[in-house]
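Biologist: Please take one part of this model and go over it closely with me, starting from the general layout and then moving to the details. I am new to reading structures, so take the steps slowly.

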Amino acid sequence: MTEQIALDELNQGVESTSEGRRGASLIKTAVLQVSALAIFLGVWQVLTVSGVIPSYLLPTASEVLTTLGEDIRDILSGGPMWTHFYTTLVEILLGFFFSAVIGIAVGAILSEFKTIQRAIYPYVVAGNATPRIAFAPLVVIWFGFDWASKVVMAVAVAVFPVIVNTMAGLAATDRDDLRLIRSLGATRSQLLWRVRIPTALPYIFAGLETAMLFSAVGAVIGEFMAGNAGLGYVTLLAQELFRLDDAFSAIVLLSVQGFLLHRLVVIAARRLVFWQAESGSPK
Amino acid sequence: MEVTIRDLRKVYSSRGGGEVVALEGVTAEISSGEFVTLVGPSGCGKSTLLDILAGLTPETSGSVMFGNGVDGDRSARVGLVFQKPVLLPWRTALQNVFLPAQLGTEPPTKTDDSLESRARELLDLVGLAAFTEKYPWELSGGMQQRVSIARALLLEAEVMCMDEPFAALDEFTREQMHIELLSIWDRQGFTGVFVTHNIFESAFLSDRVLVMTPRPGRVVAEVAIDLPRPRHKDMIGTAGFTENVRRIRDAMSEHWTG
């Protein structure tokens with residue numbers, strides 16, 4: 001981030017004025033965002049130090065920041081927090097991976113085979129409407145205390161947006177595109193690979209973005225239910241021990257982890273679906 | 001390649017169970033290399049007629065014959081240009097023009113290399129030699145439509161069906177496109193079938209205008225345009241041009257009151 005800003009400052013000197021303006025506006029945005037965070041932390045600090053919010057309900061902002069700093073150092077030096085961080089990371093990524101593979105496969109099968117779609121689509125919708133969290137205790141019984149139950153929870157939560165978006169994407173081909181392709185005598189598989197799949201990609205990636213976030217939710221729920229590792233487990237344990245600063249620190253780490261993983265999907269989408277931003281429409 | 005249309009009828013079944021007659025008794029002969037416009041108000045079946053020519057929808061009865069042969073595979077001989085450019089946004093201009101070579105059950109008779117160089121030539125022909133590697137969103141509306149014309153020409157279509165291809169363009173760009181289309185037509189020698197609801201456009205482009213009226217869609221009159229070729233912008237507004245427009249309009253109002 002700082003590198004980016006420094007570069008933009010440099011650009012201001014040498015590039016055209018519009019580049020310079022863009023750099024200035026980036027700096028402005030960064031200043032605004034840092035200020036907003038500082039105000040938030042300041043209000044938090046004042047409310048907790050003054051006792052308006054008692055310390056057994058909310059730790060002070062400075063306590064949380066200190067603990068967070070220690071935790072980050074621990075992660076970087078490969079301490080116990082690193083194990084928790086890494087455990088959750090692997091659970092989320094596995095959950096995401098299986099959600100993507102299963103979701104795209106199921107979505108594609110449902111949209112290609114109309115009989116299967118008619119037979120089971122209502123149950124997919126019902127499954128999507130079911131609070132899958134309710135299955136968490138059962139999932140632990142079925143898949144044990146280890147990572148498997150967390151990954152299964154993650155997939156249970158994250159797979160549906162991928163299924164639904166894959167179906168929507170494969171059905172999104174424009175009527176004019178279909179006329180053109182048919183007038184050129186395309187076969188069914190040419191239509192699928194040359195037009196329908198590229199058309200579906202932006203939709204699928206939108207589903208994958210959601211899936212990454214949902215996968216993190218599912219993994220943490222899994223850790224709440226059972227096990228002895230992971231940032232969700234740390235959060236739960238710290239709350240039980242009334243070490244609220246530890247709990248908050250772990251939540252911030254989860255949030256940062258989720259944010260970065262989500263960014264990865266967004267960046268991959270921009271690379272692969274490069275035409276989406278420019279062409280405006282979800283094509 | 002000449003096109004012979006005989007007693008063409010097209011009936012759609014509507015949702016309520018009734019029938020809508022989109023085309024009734026349409027008969028027309030289009031000579032090889034001729035430029036013919038189908039002009040008429042909305043609902044007169046001009047687009048349906050074009051779809052039948054292009055093989056996108058089957059006729060209910062009657063026949064369409066290309067050249068002297070029986071009606072066989074139409075897609076190979078007919079190029080299509082739509083109102084929207086219908087370019088695939090993940091393909092460059094060149095890749096979009098090349099698309100027809102990658103579709104169909106039979107491999108193209110020519111090699112990919114020669115078709116790719118033909119795609120380049122066509123982009124050059126429509127004035128986009130410098131834009132081969134650009135994506136559709138980097139091109140203006142007029143440029144996009146030029147790409148779609150080049151695409152329709154890739155497999156050397158002998159009949160070009162154009163469904164209001166310039167309707168979405170602004171007035172200035174449209175005039176420019178008229179001139180360019182006629183010059184491409186002149187050089188490529190295809191048979192042109194152009195659909196529009198714009199009487200001026202039909203008069204400017206055509207050798208002959210087929211006037212259509214709705215409910216049911218019929219060809220009610222034929223107006224031969226007696227303007228010399230090549231056409232140029234200065235002709236618009238001349239007495240001769242206005243006279244041709246008036247004859248199309250009269251033919252229309254004689255059979256249809258809106």
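Modeller: Chain A has 12 helices and zero strands, and read from the N terminus its elements therefore run α-α-α-α-α-α-α-α-α-α-α-α. Please keep in mind from the start that this is a predicted model. The C-alpha trace of chain A spans about 75 × 65 × 35 Å along its principal axes, and of its 283 residues, 36% are buried. If we take the contacts in chain A between residues at least 6 apart in sequence, 71% of them join residues at least 24 apart.

Chain A is divided into domain 1, residues 2-58, and domain 2, residues 73-279, and the centres of these two domains, taken over C-alpha atoms, are separated by 31 Å. A good place for a close look in this chain is the pair formed by helix α3, residues 61-76, and helix α4, residues 80-112. Two packed helices are described by the angle between their axes and the distance between the axes. For α3(A) and α4(A), the angle is about 80° and the axes are 6 Å apart. Angles of 65 to 115 degrees count as roughly perpendicular, and α3(A) and α4(A) are therefore roughly perpendicular to each other. On the α3(A) side of the contact we find A:Asp71, A:Asp74 and A:Ile75, which meet A:Pro80, A:Met81, A:Trp82 and A:Phe85 in α4(A). Sorted by class, the residues of this contact are five nonpolar, no polar and two charged.

Further along chain A, A:Phe242 sits in the loop between α10 (231-240) and α11 (244-272). Most residues other than glycine have a negative phi, and most peptide bonds are trans. A:Phe242 is not a glycine, yet its phi is positive, at about 55°. A residue counts as exposed if 12 or fewer other C-beta atoms lie within 10 Å of its own, and A:Phe242, with 10 such atoms within 10 Å, is therefore exposed.

From here we can cross to the partner chain, where 18 residues of chain B are in contact with 19 residues of chain A. The side of chain B that touches chain A is made up of 13 nonpolar, four polar and one charged residues.

Within chain B, the domain assignment gives domain 1, built from 32-58, 67-77 and 159-258, and domain 2, which covers 88-156. The centres of these two domains lie 24 Å apart, taken over C-alpha atoms, and 12 residues of domain 1 of chain B are in contact with 10 residues of domain 2 of chain B. Helix α5 of chain B, residues 171-188, gives the most to the side of domain 1 that touches domain 2, with six residues. By class, the residues on that side are eight nonpolar, three polar and one charged.

One residue of chain B that repays attention is B:Ala157, found in the loop between α4 (141-153) and β6 (159-163). The cut-off for a buried residue is 20 or more other C-beta atoms within 10 Å, and B:Ala157, with 21 C-beta neighbours inside 10 Å, therefore counts as buried. Although B:Ala157 and B:Val78 are 79 residues apart along the chain, their C-alpha atoms are separated by 5.1 Å. Leaving aside neighbours within four places in sequence, B:Ala157 is in contact with B:Arg77, B:Val78, B:Gly79, B:Ala152 and B:Phe190.

B:Val78 and B:Gly79 also appear among the residues touched by B:Cys161, together with B:Leu50, B:Leu53, B:Ala54, B:Leu80 and B:Val193, when residues up to four places away in sequence are not counted. In soluble globular proteins, nonpolar side chains tend to be buried together. The largest nonpolar core here has 133 residues, and of these B:Cys161 and B:Val193 touch the most other members.

Lastly, chain B has some backbone details to examine. B:Asp7, in strand β1 (residues 3-13), has a positive phi of about 45° although it is not a glycine, and with 12 other C-beta atoms within 10 Å B:Asp7 is exposed. The peptide bond from B:Arg215 to B:Pro216 is cis, with omega near -15°, and B:Pro216 lies in the loop between β8 (208-213) and β9 (218-224). B:Arg229 and B:Pro230 are likewise joined by a cis peptide bond, with omega about -5°, and B:Pro230 is placed in the loop between β9 and α7 (239-255) of chain B.

Conventions:
Residues numbered from 1 in each chain as written. Chains lettered and ligands numbered in written order. Predicted model: local features only at pLDDT ≥ 70, side-chain atom pairs only at ≥ 80, totals over all residues. Domains from an automatic or database assignment. Contact = placed C-beta atoms within 7 Å. Helix = DSSP H or I, 4+ residues; strand = E, 2+ residues; numbered from the N terminus. Nonpolar A, V, L, I, M, F, W, Y, C, P; charged D, E, K, R; others polar. Axes fitted to C-alpha atoms, helices over the stretch in contact; angles between N-to-C directions. Parallel < 35°, antiparallel > 145°, perpendicular 65-115°, else oblique. Core = buried A, V, L, I, M, F, W, Y, C linked by C-beta atoms within 7 Å.
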